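This report describes how one protein chain is put together, element by element. Please keep the sequence and the structure open while reading.

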Amino acid sequence: ICGLPLGDPSQHADAAMANILGDLWGDTEPNWSALLATDAKLHLYGKSEARPGRKMGHVTAFGSSIKDADRTVREARDSLLNK
């Protein structure tokens, strides 16, 4: 569209992503500080209202393998429930 060259499509690292759904909110906010203490990255979409099934954001993690990245991202997402 812009006439610019494509970037390098090479994979830089193994990564995994997990969605954060509105189901995590319940009566209180998820435990953001627990997630931020992990090696995962939090991406919230700025939506004003959490509802069950609504995608509110996602968590990403890198690892030395897909298995390692998957483990890290699942542990980070699960940490949101530890209040």
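Which residue in β3 is the bridge partner of Leu44? The partner is Gly57, and this pairing is a convenient point of entry into the sheet of what is a predicted model.

**The sheet**

Three strands form an open sheet in the order β1-β3-β2, and their pairing is antiparallel. The edges are held by β1 and by β2, which spans residues 41–44, and each of these two strands pairs on one side only. Averaged over the sheet and with direction ignored, neighbouring strands are turned by 20° against each other. Strands of a sheet pair through backbone hydrogen bonds, either parallel or antiparallel.

The antiparallel strands β1 and β3 are joined by eight bridges, and the antiparallel strands β2 and β3 by four. Along the β1 side of β3, Ala15 stands opposite Phe62, while Ala18 has Val59 as its bridge partner. Strand β3 is largely enclosed by the rest of the structure, because seven of its nine residues are buried.

Strand β1 has two faces of unlike surroundings: Asp14, Ala16, Ala18 and Ile20 make up its covered face, whereas Ala15, Met17, Asn19 and Leu21 make up the uncovered one.

**The helix on the sheet**

Helix α2 runs over residues 66–79, which gives it 14 residues, and it reaches 20 Å from its first C-alpha to its last, close to the 20 Å expected at 1.5 Å a residue. Which residues of α2 are buried? They are Ala69, Thr72, Val73, Ala76 and Ser79. These five lie on the same side of α2, because they cover an arc of only 125° around the axis. The spacing of such a set follows from helix geometry: an α-helix has 3.6 residues a turn, so residues three or four places apart point the same way.

The buried residues of α2 pack against β1 (14–21), α1 (32–36) and β3 (55–63). On the face turned away from that buried side, α2 carries the exposed residues Ile66 and Lys67. With respect to the sheet, α2 packs on it by touching β1 and β3, and the direction of the helix makes about 25° with that of β1.

**The tryptophan pair**

There is one aromatic pair in the structure. The ring centres of Trp25 and Trp32 are 5.5 Å apart and the ring planes stand at 65°, so this pair is edge-to-face, the angle being over the 60 degrees that this class requires. Both partners are shielded from solvent by the criterion used here: Trp25 counts as buried because its relative accessibility is 13%, and Trp32 likewise counts as buried at 18%, the limit for that class being under 20%.

**The loop between β2 and β3, and the end of β1**

Both Lys47 and Glu49 lie in the loop between β2 and β3, whereas Leu21 has its place in strand β1. Lys47 counts as partly exposed, with 33% relative accessibility, and Glu49 is also partly exposed, with a relative accessible area of 43%. Leu21 falls into the partly exposed class as well, at 34% relative accessibility. The table sets out how far each of these residues is, C-alpha to C-alpha, from a residue elsewhere in the chain.

| Residue pair | Separation in sequence | C-alpha separation |
|---|---|---|
| Lys47 and Gly57 | 10 residues | 8.9 Å |
| Glu49 and Ile20 | 29 residues | 13 Å |
| Leu21 and Pro52 | 31 residues | 6.8 Å |

Which residues do these three touch, when neighbours up to four places away in sequence are not counted? Lys47 touches Arg54, Lys55 and Met56, and Glu49 is in contact with Arg54 and Met56. For Leu21, the contacts are Gly53, Arg54, Lys55 and Met56. Arg54 and Met56 therefore appear in the contacts of Lys47, of Glu49 and of Leu21, by the criterion of heavy atoms within 4.5 Å.

Taken together, the picture is of an antiparallel sheet with the order β1-β3-β2, on which α2 packs through contacts with β1 and β3.

Conventions. Residues numbered from 1 in each chain as written. Predicted model: local features only at pLDDT ≥ 70, side-chain atom pairs only at ≥ 80, totals over all residues. Heavy atoms only, no water. Expected span 1.5 Å × (residues − 1). Buried < 20%, exposed > 50% of the residue type's maximum accessible area, 1.4 Å probe, protein only. Arc of directions from axis to C-beta. Phe/Tyr/Trp six-rings, centres within 6.5 Å; stacked < 30°, edge-to-face > 60°. Pairing = 2+ DSSP bridges. Axes fitted to C-alpha atoms, helices over the stretch in contact; angles between N-to-C directions.
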